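Reader: I should like to understand how the terms used for a set of chains are justified. May we go through them one by one?

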There are 4 protein chains.
Amino acid sequence: MPDLEQRVRQSFARQQFMQTLGAELTAVAEGSVEIAVPFNPRLTQQNEFVHAGVITTIMDSACGYAALSVAPAGHEVLSVEFKSNLMAPAVGDRFVARARVKRAGKTLTVCAADAFAIKDGREKLIATMLATIINQPIPNP
Amino acid sequence: MPDLEQRVRQSFARQQFMQTLGAELTAVAEGSVEIAVPFNPRLTQQNEFVHAGVITTIMDSACGYAALSVAPAGHEVLSVEFKSNLMAPAVGDRFVARARVKRAGKTLTVCAADAFAIKDGREKLIATMLATIINQPIPNP
Amino acid sequence: MPDLEQRVRQSFARQQFMQTLGAELTAVAEGSVEIAVPFNPRLTQQNEFVHAGVITTIMDSACGYAALSVAPAGHEVLSVEFKSNLMAPAVGDRFVARARVKRAGKTLTVCAADAFAIKDGREKLIATMLATIINQPIPNP
Amino acid sequence: MPDLEQRVRQSFARQQFMQTLGAELTAVAEGSVEIAVPFNPRLTQQNEFVHAGVITTIMDSACGYAALSVAPAGHEVLSVEFKSNLMAPAVGDRFVARARVKRAGKTLTVCAADAFAIKDGREKLIATMLATIINQPIPNP
């Protein structure tokens, strides 16, 4: 497992909210990360669709980890801000967020993500995100 | 309980994801809604702060319900998109999102929300949102 | 010239602000539009870079026309909202915004755009946008 | 004229694009700035409304200068990103953008702005912005 993947997997494992959602880290590469979450009634809104907040959360985490995969050594990342467009109801068996770095600077990284609903093996684009992430030096222990 | 409050409370009660987060609807008025969530380790990210996705979710729901409180009869609301700025770490005993309608149109409503961390009885602004919500006719049964 | 191109070119020609900027419509296809603007000192901010507002304007117009290229007959489009990330200073001889439709719905269309600075024939990504556009029936004359 | 106002006015005077728009700096205080632009047919879109790009530009500049008014000495500011919601057509004699700092950090500042159309002396809210600005040390000469 390359260093960058280990770095991302270790941080993901410490995010208790990912476990609360049932989210898994399904792909990690330099500058791109994929996170998936299976349908669960505990994640729904009033119409039994998965809540926009869940889809946004996995896009946000995928963007953050895509940024972390290219961040300078000794740094961690924090979300500065993001915009999420919900384009279709989150109806499906499983939901996948795929993020990629658009530009990595010394201080700020810009990432984009798309989210897909998977139903009967077919993917449908349901949401998209544009996010700004900041690199922060990890304080010495 | 006025009609608009009932309308918002009934929809909120059907959002299972709000229960998963431990969120409560703490205030409803015409054009403004407040949602609160107590700290819980199940909601944290890698630094033990509450995850940006949780804070964003309660701001999104508060915006949606602020829009619903002024929507035409026979309509429900869906989030079209939102932008969330995370301005300080979500550290505290309790987190509150307060949303208000900025403009209600026939089809689209624009809402703004702020989120606060409450620690030892003091509030700190930690995040802010700008959101677009669409009114949709409720299909006849 | 196909109908959709004519529809976009006629509307563009009526946008006096595009002429004020010196902007040109350099490509129109179904679901994608490109707008370019040459450097001009009249468009600069305090550091002699082209102003973020100029780059945002050509991305916004490119998104709007990409949406118009797929809008139902008898409709025009209006920008509901957009987010613009300025990733590098707008330094160059010429600036190009390229927009594409991500999802076209009956009422709302979501578009993404990237903007590039061209200097000595080389393109550099300087900005990116995510935009929501609404279709509106053209009132009868 | 206090230092902070001078700092803002000097930078504004160097923005040639503000002159191209006919924009004026109408108020400067610590953490808040107002910019106005009179109607001019050169600023219009296809319906003879003022272009969304113009309204966005004055909100962006007002946000940047609100951030500059509280930035550490020896620093200038750059827009990282912003989101603009266009809530009503820009129809009027004059347009005003009012920005205020929501949170000023060491590196990043978050500002909000509203834009109003003024017609026959009455103001109407037409747009709103949420923006992220970065402080950058001014290079030594």
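**Symmetry and contact**

Author: Chain A can be laid on chain B by a turn of 180 degrees and a shift of 0.0 Å along the axis, with an RMSD of 0.0 Å; the superposition is by least squares on the C-alpha atoms of residues with pLDDT of at least 70 in both copies. The two copies are thus related as by a two-fold rotation axis. This is a predicted model, in which local features need pLDDT of at least 70, side-chain atom pairs count only at pLDDT 80 or more, and totals for chains, interfaces and linings use all residues. Residues are numbered from 1 along each chain as its sequence is written.

Reader: Which residue of chain A comes closest to the rotation axis?

Author: That residue is A:Lys83, at 2.0 Å (C-alpha).

Reader: How many residues does each chain bring to the contact of chain C and chain B?

Author: Chain C brings 6 residues and chain B brings 6 residues, where contact means heavy atoms within 4.5 Å. In chain C, C:Val80, C:Glu81 and C:Leu108 supply 58% of the area that this chain buries against chain B, more than any other three residues; buried area is the accessible area (1.4 Å probe) that two parts lose on being put together, summed over both.

Reader: What is the count of salt bridges between chain C and chain B?

Author: The count is 0; a salt bridge requires a side-chain nitrogen of Lys or Arg within 4 Å of a carboxyl oxygen of Asp or Glu. Of the area of about 450 Å² buried between chain C and chain B, carbon and sulfur atoms give 82%.

Conventions:
Chains lettered and ligands numbered in written order. Heavy atoms only, no water.
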